[in-house]
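Visitor: I am new to this structure and would be grateful for a guided introduction. Could you please show it to me?

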Amino acid sequence: MERITLQDLRDDAGRALESVGRTGEPVVITRYERPVAVLVGIDEWEELEAFRDSKDAAVIARSRAKGLFVLLPAALESLGVEPREVEALLADRADGAAASIPVPDLRERRE
């Protein structure tokens, strides 16, 4: 697996991209001789994302089987998304039809 410094990446990102595209092998990016990131090809990235999605789906299925659920507002909050933003987005996409689907704000109930 090829390793390049962050400075080399800044100076010639094209070479790193070409290497990944040509060989299909990831390129490790280092800073002060320590690995900080990995540049991977799109095919490998899509495989990684599919794997992560399948793991997430398995966790959700196990939780449902145990009767464990996470309320939408809590899930959104854990992702750093404001429930009201989602409500507004839904309303915009449905030309106002989704405005009748309220997203409760459970943060008001916390102690």
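The questions and answers below concern this chain.

Guide: This is a predicted model, in which local features need pLDDT of at least 70 and side-chain atom pairs count only at pLDDT 80 or more, while totals for chains, interfaces and linings use all residues. Residues are numbered from 1 along each chain as its sequence is written, and side-chain values use heavy atoms, with hydrogens and water left out.

Visitor: In what pattern do the helices and strands follow along the sequence?
Guide: Helices (H or I, at least four residues) and strands (E, at least two) are DSSP runs, numbered from the N terminus. The chain holds five helices and three strands. Read along the sequence, their pattern is β-α-α-β-β-α-α-α.

Visitor: Which elements give two or more residues to the largest nonpolar core?
Guide: A nonpolar core is a set of buried Ala, Val, Leu, Ile, Met, Phe, Trp, Tyr and Cys residues joined through side-chain atoms within 4.5 Å. Buried means under 20% relative accessible area, exposed over 50%, and partly exposed in between (1.4 Å probe, protein chains only). The largest such core has five residues, namely Ile-4, Ala-16, Val-20, Val-27 and Ile-29. The elements that give two or more residues to this core are α2 (13–23) and β2 (27–31).

Visitor: Is Thr-30 buried or exposed?
Guide: Thr-30 lies in strand β2. Not counting residues up to four places away in sequence, Thr-30 touches Arg-3, Ile-4, Thr-5, Leu-6, Pro-35 and Val-36, where contact means heavy atoms within 4.5 Å. Because its relative accessible area is 8%, Thr-30 is buried.

Visitor: What is the phi of Tyr-32?
Guide: Tyr-32 is found in the loop between β2 and β3 (34–39), and Tyr-32 is exposed, with a relative accessible area of 72%. Most residues other than glycine have a negative phi. Tyr-32 is not a glycine, yet its phi is positive, at about 55 degrees.

Visitor: Which residue in the loop between β2 and β3 has a positive phi near 70 degrees?
Guide: The residue has its place in the loop between β2 and β3 and is exposed, with a relative accessible area of 75%. The residue with this positive phi, which is other than glycine, is Glu-33.

Visitor: How much of the 111 residues in the chain do buried residues make up?
Guide: The chain exposes about 8,900 Å², an area that comes from the Shrake-Rupley method with a 1.4 Å probe. Carbon and sulfur atoms supply 55% of that exposed area. Of the 111 residues, the buried share is 16%.
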